[in-house]
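User: I am new to this structure and would like to understand the terms used to describe it. Please explain the reasoning behind each label.

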Amino acid sequence: MTGQHQTLALLLFSAFIAVTLGITTWVSRNRHGSAEEFYAGGRLFSPMENGFAISGDYLSAASFLGVTGLIALFGYDGLLYVVGFFVAWLVVLFLVAELVRNCGRFTLADVVASRMSERPVRIAAGTSSVTVSVLYLVAQMVGAGSLVSVLLGGTSAAARAWTVIGVGALMVIYVSLGGMRATTWIQIVKAVLMMAGTIALTVLTLLRFHGNVNALLLTAAARSGHGNAFLVPGLKYGGDWTARFDFISLGLALVLGTAGLPHILSRFYTVPTARAARRSVVWSIGLIGSFYLMTIVLGFAAAAIVGPEALRKSNEAGNTAVPLLALDLGGGPDSTGGTVLFAIVAAVAFATILAVVAGITLASSASVAHDLYATLRRPRAAPRSEVTIARVAAVGIGLVAIALGLVARNLNVAFLVGLAFAVAASANLPVLLYSLFWRGFTTRGAVWAVYGGLVPSLVLVLLSPVVSGSPDSLFPGLDFQFFPLQNPGLISIPLGFLAGWLGTVTSADLPDQAKHAETEVRALTGAGAV
């Protein structure tokens with residue numbers, strides 16, 4: 001890595017930080033401090049703006065860095081992440097988007113609490129939302145550390161640590177000063193930059209192979225060292241039955257997890273109506289779908305052009321595939337084109353991480369203030385006091401994410417996000433779907449559904465090969481592994497649904513039929529929606 005690369009990449013990245021801090025400052029001067037302004041940006045965004053912002057929020061370091069790395073290292077099996085991340089949006093479009101917009105105000109707990117006893121439900125849903133958000137944040141922090149180690153030409157622990165701390169500090173500034181409006185505009189800017197960068201790399205890749213996709217795939221297979229096995233299922237998940245069940249578990253987590261992610265659900269409250277929420281999802285599906293099609297090309301291109309050995313040498317988990325591919329496509333390490341393209345891609349990847357961590361931090365600080373603090377305090381907190389607590393919570397969540405990001409720095413980013421999706425699908429999705437569609441659902445059922453998915457998913461991760469018992473674990477020197485799968489979704493998602501059903505049928509409380517009827521009318525028609 002030459003000083004030329006570093007300087008240009010740092011200049012571009014500094015320019016992005018300057019623009020985003022400018023947006024944040026401008027927004028903070030024009031805000032009026034209300035809860036609606038801080039949590040939902042005044043509900044003033046158009047479907048197209050929100051569609052771009054959702055794409056910016058969703059296309060994280062896992063998509064840009066992790067997925068391309070997994071395809072480059074494992075070929076066909078890496079595609080599972082692409083399929084899972086994208087198909088998940090059909091669940092969001094058909095089951096969640098409009099109904100959540102009509103039933104809630106700012107958070108997931110608003111939807112559930114609308115027909116239940118508020119206090120226990122809000123505490124459960126708030127705890128679950130913060131847990132999912134912190135897990136997701138860790139993945140972004142790891143991505144930032146991987147990227148800077150390539151950018152600055154060293155893999156020193158100090159460089160990674162300071163990067164993680166710097167990203168954490170910036171996200172706290174974005175959220176505490178700018179709220180949802182600044183976060184949304186940062187995500188829109190990032191989505192445009194990311195799509196432009198990905199399109200440029202895809203076009204250059206296809207030009208390199210004269211538009212012959214078959215030649216690209218065959219070259220990737222030959223360079224991978226696995227031959228044709230690189231292009232068929234089974235390289236990562238096709239060995240024994242444990243690997244196959246892991247495959248099913250991960251697929252379930254990715255497809256069902258998106259509808260339970262707090263930072264995605266909170267985006268539906270930034271538009272004025274349910275129709276606008278649905279249209280913004282259609283916009284985001286178009287953007288996200290085209291992006292993932294291009295990542296498939298880039299993943300195989302990284303295998304064909306850079307090669308797995310060079311990728312693993314740079315980063316064991318493959319998180320640096322895209323920047324290294326850009327360097328080669330631009331003309332190599334010593335060329336001006338390579339330097340410029342590498343710098344642009346590195347800056348876009350950094351922008352990706354900053355925009356996503358801002359969205360997640362905002363969603364989790366909203367859960368702390370709006371669901372936990374406001375519920376536990378007696379009398380209930382005023383909206384302005386809530387917003388102050390949300391800003392303080394952003395700092396606390398930032399510190400936790402920094403600490404965990406430093407511990408997990410050697411794991412693949414897409415894999416870490418898979419764990420966050422599994423927890424979201426286990427703890428948040430069952431309670432959300434039961435609340436919206438089951439007339440007989442009770443408060444006890446809601447609380448059991450959340451904890452019945454949250455606790456098993458976290459315990460299974462702790463007892464899995466991810467944490468101990470293998471050379472790639474967080475703690476390779478320890479061995480308390482009892483659960484064979486790396487992703488807990490196959491067990492914990494059904495447990496979440498089962499716990500919700502069991503809690504409801506054993507509950508002495510009768511469901512409030514009047515409240516359910518009111519919620520159903522509001523969910524389907526928008527009558528009485530905020």
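Analyst: Let us begin with a single residue. Ala347 counts as buried because its relative accessibility is 8%, and buried means under 20% relative accessible area, exposed over 50% and partly exposed in between (1.4 Å probe, protein chains only). Ala347 belongs to helix H15 (residues 336-376); helices (H or I, at least four residues) and strands (E, at least two) are DSSP runs, numbered from the N terminus.

User: What is Ala347 in contact with, leaving aside its neighbours within four places in sequence?

Analyst: Ala347 is in contact with Leu12 and Phe13, where contact means heavy atoms within 4.5 Å. The C-alpha atoms of Ala347 and Leu193 are separated by 9.5 Å, although the two residues are 154 residues apart along the chain.

User: What kind of model is this, and which residues enter each value?

Analyst: This is a predicted model, in which local features need pLDDT of at least 70 and side-chain atom pairs count only at pLDDT 80 or more, while totals for chains, interfaces and linings use all residues. Residues are numbered from 1 along each chain as its sequence is written, and side-chain values use heavy atoms, with hydrogens and water left out.

User: What is the average pLDDT of the chain?

Analyst: The predictor's confidence in each residue, pLDDT, runs from 0 to 100. The chain averages 83, and 93% of the residues score at least 70. Among the elements of the chain, helix H1 (residues 3-30) has the lowest mean pLDDT, 76, and H20 the highest, 94.

User: Why is His210 called exposed or buried?

Analyst: His210 has 75% relative accessibility, so His210 counts as exposed. This residue lies in the loop between helix H8 (157-208) and helix H9 (213-224). His210 also has a positive phi of about 55 degrees although it is not a glycine. Most residues other than glycine have a negative phi.

User: How is Asp512 classed, and why?

Analyst: Asp512 counts as partly exposed because its relative accessibility is 37%. Asp512 is found in the loop between H20 and helix H21 (513-525).

User: Why is Ser473 classed as buried or exposed?

Analyst: Ser473 counts as buried because its relative accessibility is 8%. Ser473 sits in the loop between helix H19 (443-462) and H20. Not counting residues up to four places away in sequence, Ser473 touches Pro465, Val466, Val467 and Ser468.

User: What makes helix H18 mostly covered?

Analyst: In helix H18 (residues 429-437), 8 of its 9 residues are buried. Among them are Leu429, Pro430 and Tyr434.

User: Which residues touch the most other members of the largest nonpolar core?

Analyst: A nonpolar core is a set of buried Ala, Val, Leu, Ile, Met, Phe, Trp, Tyr and Cys residues joined through side-chain atoms within 4.5 Å. The largest one has 141 residues, of which Tyr58, Phe64, Tyr81, Phe85, Trp89, Phe268 and Phe421 touch the most other members. Helix H12 (residues 274-306) gives the largest share of this core, 17 residues. A second, separate core of 12 residues includes Tyr434, Phe441, Ala446 and Ala449.

User: Why is H10 called oblique to H20?

Analyst: The axes of helix H10 (residues 241-257) and helix H20 (residues 489-505) come within 8 Å and cross at roughly 50 degrees. That makes H10 oblique to H20, because angles under 35 degrees count as roughly parallel, over 145 as roughly antiparallel, 65 to 115 as roughly perpendicular and the rest as oblique. Axes are lines fitted to C-alpha atoms, for helices over the stretch in contact, and angles run from 0 to 180 degrees between N-to-C directions.
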